[in-house]
Amino acid sequence: MKKTRKIMALFLACVLCVGLLVPAAAAGEEKTYTVVNPYADVVWEGDGAWGAYKGNLHSHTTYSDADESLAAMVKEYYEQGFDFLANSDHGATGVEWNQEPTRQILYSYNPLIGKEIAHLTDEEYEAITSGSYPLASGSPRGNKMVCVTGANELNNLTLTKCHVNGYFLPDGVGDGFGGSENGYEQAIQLVQENGGLSHINHPGDLLDSNKDISQVSKPWNVRFFSELLLKYPTCLGIEVFNDRNSTTGYDRILWDNMLMYTLPYGRNIIGFSNSDAHDRLNIDTSFSVFMMEENNVENIKKTMQSGAFFCVTRILPANDIIGPAEAIDARNMNLAYPMFTNVSVKGHVLSVSAENADSIQWIANGKVIATGTPAQCGTLDLDQISGSEDFLYVRAELYGEGGVCLTQAFVLDDGNTLTYEEPTGLLKEVRDFIFRLVSTRTFTIISELFKMIRNKIK
């Protein structure tokens, strides 16, 4: 039996790896390229300077599986200085915070076990969305928190946790959507067909990569997620930080691998960072800072698509591939998080300035290419770096006492773009058969039981 499993695993790997590699510039070959700056339109200082708005696009309440009511969670995000929030309960498309989302039968147990079900009053909603609602200290906050409606975490009835966050969905679309095992495509397609945007949630949860870091670099896993984004343009990217990163600590490595897969086809991947909070204690874990001219829903949507924002996390496990060297945990300590205060690109020279940061590192094609303090290493001249002609992208990460902050990818565009074509013929038939097999509920249950036994033995 053991030998049979090994043979099947080898066969599966070979089938899924066929066609994985895409052409790249030969080593040493000169390449003319333009560095695409996702922050090119941001006004950093002076008259008309854009604001840096702290927000979260993935959160939960007792309208699904959280411990806190919608009213309590919204008030706590407001108290902690968030500028916008999308509530994305499982299978319940978000509405204004003074309204009740469609109740899901699956979560009807919440009142029975003493969990509060409550939304804001009209007066509370008006005060929070205008900034006049008082903080715990008694003083008004003074700036509003924007309500982003139409968010829904889809595929909530799956053991594989193949979750997708849909955004800007019409009222009722996605309500009660249970999904199927490994059914990312179902959810992404639903969102696209209804005019919304989406991203893939905590992919490391599906891969169980915190127990096996190699999962985020295995070709069939990289290909699986990458081809979803190549097929569906409204699926913007993946979460690279989620909550305490307890299941997603190495998703930045997956992100790097996916970028190397999709960029030759001209497809960038946006990294997202969300708290995925189910209680008030975990709100201060992962979030984003959007650079916007004004804080409103229209600009939030535009910024999600452009990538003119930064991903922040308070907690991250150590790893020896791209860091950190030691685990970080700055949750609920009221520490200032590291942040980029300026980003510019001139030719092949990238320059950043930062605050609350002790160090910065630059990553290209999944490898750290430069590191130092922001003063020492805030400028990166690609023409001075050996092998840069083979880079597909670079990105920067800040480390400080208050956590980690990263940029989106700066794409090195050489003007050559491959055309992505879905597999056809026998290869597609074999892949589809294997996917259907591993996506059955029976196979999934057996796999989950095997994981539980394996983890107990370890």
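This text walks through the cysteines and the charged side-chain pairs of the structure above. The model is predicted.

Start with the cysteines. A disulfide needs two cysteine sulfur atoms within 2.5 Å. The count of disulfides here is 0. Cys377 shows the reason for its own case: the closest cysteine sulfur, in Cys405, is 16 Å away, so a bond is out of reach. Cys377 is also buried, at 10% relative accessibility. Cys147 is buried too, and its relative accessible area is 10%.

Now turn to the charges. Side chains of opposite charge can pair when their charged atoms come close. The structure holds 16 salt bridges. Three of them follow.

Lys211 pairs with Asp208, with 3.6 Å from N to O. Asp208 is buried, at a relative accessible area of 17%.

Lys231 and Glu422 form another salt bridge, with an N to O distance of 3.4 Å. Lys231 belongs to helix α6 (residues 219-231), while Glu422 sits in the loop between β21 (410-413) and α10 (425-438), so this pair ties together parts that are 191 residues apart in sequence. Both ends have some access to the surface: Lys231 is partly exposed at 34% relative accessibility, and Glu422 is partly exposed at 39%.

Glu397 and Arg395 also meet in a salt bridge, 2.7 Å from N to O. Glu397 and Arg395 are both buried. This pair does not stand alone: salt bridges with shared partners link Arg395 and Glu397 with Arg252 and Asp256 in one network.

Technical notes: Residues numbered from 1 in each chain as written. Predicted model: local features only at pLDDT ≥ 70, side-chain atom pairs only at ≥ 80, totals over all residues. Heavy atoms only, no water. Buried < 20%, exposed > 50% of the residue type's maximum accessible area, 1.4 Å probe, protein only. Salt bridge = Lys/Arg side-chain N within 4 Å of Asp/Glu carboxyl O. Helix = DSSP H or I, 4+ residues; strand = E, 2+ residues; numbered from the N terminus.
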